[in-house]
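This report looks at the overall make-up of a protein model and then at its unusual backbone angles.

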Amino acid sequence: MQDEERALFSAGTQGDSALPMKSRGVGMHLGQSWLCCSLSSPVPGPGPHHEDPEHCDYVLVANTAARRKPGLARKQQQFLKELRMKGFRVKEVEDGKKVFFGIWAEKSVSEQYCMLLETQEATPITTRIRIFNFILNSELGFTDTFQDLVKCGVFETSFPLHQEEKKKFLKKEWACWTQLCAKKQPIDSIRDYFGEKVALYFAWLGWYTCMLIPAAGAGLLIFLSGFFHFNASQISKEICSAHDIFMCPRGDHSHKFQRLSDTCTFAKLTHLFDNEGTVAFAIFMALWATVFLEFWKRKRAQVVQHWDLYGWDEEEEEMALALINSPHYQLKQQQHSYLRSTAILLLSLLMICLMIGMAHLLVVYRVLAAAAFGSLDLPFLQVTTAVVVTGALVHYMMILIMTKLNKYVALKLCDLEQPRTFSERESKFTIKFFTLQFFAHFSSLIYIAFILGRINGHPGKSVRLAGQWKLEECHLSGCMMDLFVQMAVIMGLKQTLSNCVEYLSPWLTLKWRSMQARWDRPADPELQVWRQNYRLNSVYTFSLFDEFMEMMIQYGFTTIFVAAFPLAPLLAFFSNLVETRLDAIKMLRLQRCLVPRKAKDIGTWLQVLEIIGVLAVIANGMVIAFTSDFIPRVVYKYHYGPCRRGTLPGLDCLTGYINHSLSVFHTKDLPISIKGTENENVTECSTWPCASSSLLPGSCLTSLSQSRTRFWSRSTSGSER
C-alpha cells in the first residue's frame with residue numbers, strides 16, 4: 001500500500017510535469033540562467049572534497065541477485081550512469097546479499113541551483129538531498145523513474161542519511177522524554193536537520209499546545225463547577241426525589257415500569273457538562289479558535305522572517321529542480337476537462353454519501369444491539385449504557401478502516417485530476433482526504449446531536465426499523481450524555497491507543513530487524529552507518545502528512561461539539577505534550593530520515609483550520625439550541641416558573657421544571673400489557689415531551705414543545721402535575 005501511495009503521489013515531481021512560469025522577472029529568468037549554467041559548468045569529475053565519505057547524502061540499496069540477471073543489471077548500470085551524467089558521484093559497496101550505493105552531489109549541481117534561483121547562499125545538505133530526491137523521482141533518459149525500477153526489482157529502496165552529529169544534539173535537547181514539559185523546541189536546529197516543512201509542523205504543534213492551556217483551564221473550570229454543584233441542581237433534586245414517578249418501558253423485551261428516581265445518578269452526571277456555564281464555554285471556544293489562528297499567523301510570520309523565506313516561492317524552486325534534471329524541460333500547458341472534473345465531483349459525492357451511509361450502519365448496529373442486550377433480561381439502564389459505549393467502540397473501528405479507504409480513494413481522485421505540480425497535487429489531495437475524514441469522524445456525532453431521539457415516535461406508535469426493531473432513543477439522562485460518551489470514547493482511544501500503536505509498531509519492527517541482522521561489524525565505518533540507517537523503519541510521502549491530519553482531526557474534536565465535552569481541550573493538551581516527543585523520537589530514532597521539504601507556511605492546512613473554526617461556531621450553537629436543555633430551562637425560568645414575576649427568597653426558579661415538562665399518556669392506550677412495579681396500579685404514562693402531534697386520541701394531556709423522547713410514567717398514588 002505504501003509503495004503504491006509513494007508512486008502515485010510522486011507523479012507530481014516528474015521531469016515532464018509542468019510548472020507555471022511566473023510572470024515576474026525571476027521566473028522568466030530561470031530558463032536563461034540555465035542556458036548560461038549548462039554552457040559554463042565544468043564537466044563533473046572527482047575531487048578531494050567529494051571523496052570524503054562523510055559527504056554522502058543519499059543511499060540506494062539493491063539485492064545482489066539483481067546483478068545476476070542481465071536485464072536488471074543493465075537497467076541498474078544505465079540508471080547509475082544517468083546519475084553521474086547529471087553531476088552526482090556514486091560509491092558502490094557490496095555487503096553480503098545487499099549492495100549499497102552512496103550518492104553525493106558535485107559542486108556544479110549546487111552552483112546550478114544557486115544560479116537558477118539567483119541566490120548567493122551556501123547550499124546546505126537539506127537542499128542537496130531535496131535536489132537528488134527530485135531527480136530520483138523524475139523520469140531519466142530512459143523514461144524509468146526510481147519507483148519503476150523498484151517495482152522491477154532493480155533496486156530495493158532509497159533513503160537520505162541521518163546527520164550523526166546534529167542527530168546527537170537533537171536527541172539530547174529535543175527527542176527525549178526528559179524534555180516532555182520543555183517550554184521551547186530547537187526549531188532552528190530542526191529546520192537545519194529536517195527542512196522547513198517539518199520545522200513549521202513542530203512550531204505549529206508547539207504553539208497549538210501552548211494555546212490549549214487557557215482552553216483546557218476554562219473547560220476544567222466548567223466541569224469542576226458542575227462537580228461542586230453535583231447535589232445542588234434543582235432538576236437533579238426533583239428527579240432524585242421522584243419516587244412516585246415511573247418510566248414506561250422503552251425496549252421491546254422489558255415490559256416493566258422503572259422509577260424516575262433510578263436515573264438520579266445519570267441526572268447528576270449530566271449536570272457536570274450541561275450546566276449554566278456551558279453556553280459561556282461554547283462562546284469562549286469560538287473566540288479562542290479565532291484568536292488561535294490570528295496569533296499563529298503572527299508567529300509564522302516571525303519564523304519565516306527569521307529564516308528569510310519571504311522571497312522564496314515553491315513553484316519557482318520546482319521549476320529550477322526540473323531544469324537541473326533536464327535542460328530540455330518544457331512547460332506543460334494547463335489542460336481542463338469538464339468531463340474529468342464532473343467525474344471527480346461525482347466520485348467525491350459518492351464517497352461522501354458512503355461516509356454518511358456508515359453512520360446509518362452505526363444506527364442499525366445500535367438498534368440491533370439494543371434488542372440483543374434487552375433480550376438478556378438486564379436492567380434497562382445497563383442496556384442503554386452498554387449500547388452507547390459499544391456503539392462508540394464500533395464507530396472507532398469504522399474510522400480505522402475508512403481511513404485507509406479514504407486515503408486510497410483520495411489518491412486515485414488526485415491522480416485522475418492530473419495536477420501540474422507537486423505542490424498543487426499536495427493541496428488537492430489534502431482537501432479531498434480531509435473532507436472524507438471529516439465525514440468519517442463526525443457523521444455519527446451529527447446524528448447523535450441532532451437526529452437521535454427525534455424520529456422514533458411516541459408510546460403506542462413507535463417508529464421501527466424494517467417494521468420490527470424499535471429505533472434507539474436517547475439515554476435516560478438526555479442526548480447530551482450520548483454525545484459526551486461518544487466523544488469521550490473516540491477521542492480517548494485516538495489519543496491513547498492510536499499513539500501507543502504509532503510508537504510501538506516502529507519500535508518493535510526496529511527491534512525485530514536488529515535481532516535478525518547477522519552482519520559482522522564492517523571495517524568501513526561508513527558502511528556501518530548505512531546499515532544502521534537501512535534497518536530503520538521506512539518513511540514515505542505521507543509520513544508528515546499523516547501527523548498533520550491527526551492534529552486536524554484532534555482540533556476538530558477540541559472545537560466542534562466541545563459544548564458537550566468540555567474536557568476535550570484538556571485531553572488534547574496532555575496528548576500533545578506526548579505527541580510532540582513521540583513524533584520527535586520516531587523521526588530521529590525509529591525512522592529513516594525524511595526528505596527535507598522547503599516551505600514558508602503550513603499550506604492548505606491553514607484553510608482547513610479556518611473551516612473547522614466556522615463549523616465549530618455553527619455546531620456548538622446548534623448543540624446549545626437543540627441538544628442541551630439550556631433554552632427550555634431559560635424559557636421555564638422566566639416565563640412559566642415561580643420567578644416569572646420576580647425572584648422569591650429561598651425558592652429555586654427551576655422548581656417544578658420536571659413536572660411542567662411531562663406529557664401524560666393513558667396506559668390503556670398502549671398496545672402492550674405492562675406490569676407495574678411493586679403491584680401498583682399504573683393508569684397513566686408520560687413522555688417528556690410529546691414527540692409528535694399525531695398522538696393517540698385523548699392520550700396526551702399536557703405537553704411542552706421540545707425535542708425529547710424520554711418516557712416517564714407515574715402511579716395513581718402520585719401527586720397531580
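The secondary structure of the protein amounts to 24 helices and 13 strands, where helices (H or I, at least four residues) and strands (E, at least two) are DSSP runs numbered from the N terminus. The model is a predicted one, in which local features need pLDDT of at least 70 and side-chain atom pairs count only at pLDDT 80 or more, whereas totals for chains, interfaces and linings use all residues. Residues are numbered from 1 along each chain as its sequence is written, and side-chain values use heavy atoms, with hydrogens and water left out.

Of the 721 residues of the protein, 55% are buried, a term that means under 20% relative accessible area, while exposed means over 50% and partly exposed lies in between (1.4 Å probe, protein chains only). Among contacts (heavy atoms within 4.5 Å) with a separation of 6 or more, 79% join residues 24 or more positions apart. The accessible surface, by the Shrake-Rupley method with a 1.4 Å probe, comes to about 32200 Å², and carbon and sulfur atoms supply 60% of that area.

Most residues other than glycine have a negative phi. Two residues with a positive phi are set out below.

| Residue | Phi | Loop | Relative accessible area |
|---|---|---|---|
| Asp308 | about 55° | between α13 (277-307) and α14 (314-325) | 57% |
| Phe561 | near 60° | between α20 (542-559) and α21 (568-590) | 2% |

Asp308 counts as exposed because its relative accessible area is 57%, whereas Phe561, at 2%, is buried.
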